[in-house]
Amino acid sequence: MCWKCKSTVTLEEPVPRVAECPVCHADMHSCRNCVFYEPGAHYDCHETVSEMVKDKERANFCGDFKIRREWGGSDGKAQDARKKFDSLFSV
């Protein structure tokens with residue numbers, strides 16, 4: 001599933017670094033699309049990584065990457081809360 005548009009995307013493991021969402025063209029091999037992505041964790045990742053990936057939305061070379069198959073649960077609540085927070089400061 002794409003982190004950006006939430007479209008269902010069928011990909012086989014391992015996900016190629018150049019894979020992108022057919023709907024919105026977001027990079028699929030990115031931190032935001034990984035099961036280990038957790039904002040607030042060390043380097044925003046639950047895996048032990050030695051180097052921080054600066055752009056979490058762009059394709060990277062992380063060897064621990066594992067595609068997130070669905071969004072929801074606490075992650076969906078966190079995104080909703082973030083949208084509400086951001087809307088407080090939008091012009």
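**Exercise 1. Is phenylalanine 89 buried or exposed?**

Work it through on this predicted model, where local features need pLDDT of at least 70 and side-chain atom pairs count only at pLDDT 80 or more, while totals for chains, interfaces and linings use all residues. Residues are numbered from 1 along each chain as its sequence is written, and side-chain values use heavy atoms, with hydrogens and water left out.

*Solution.*
- Step 1: grab the cut-offs: buried is under 20% relative accessible area, exposed is over 50%, and partly exposed is in between (1.4 Å probe, protein chains only).
- Step 2: phenylalanine 89 has a relative accessible area of 60%, so call it exposed.
- Step 3: find its place: phenylalanine 89 sits in the segment after helix H1 (73-88). Helices here are DSSP runs of H or I, at least four residues, numbered from the N terminus.

**Exercise 2. Work out how many disulfides the structure holds.**

*Solution.*
- Step 1: a disulfide is a covalent bond between the sulfur atoms of two cysteines. The test applied is a pair of cysteine sulfur atoms within 2.5 Å.
- Step 2: try cysteine 24, which is partly exposed at 25% relative accessibility. Its closest cysteine sulfur, in cysteine 2, is 3.6 Å away, too far for a bond.
- Step 3: try cysteine 45, which is buried with a relative accessible area of 16%. Its sulfur is 6.0 Å from the closest cysteine sulfur, in cysteine 62, so that's too far for a bond as well.
- Step 4: the tally for the structure is 0 disulfides.

Notes: Helices (H or I, at least four residues) and strands (E, at least two) are DSSP runs, numbered from the N terminus.
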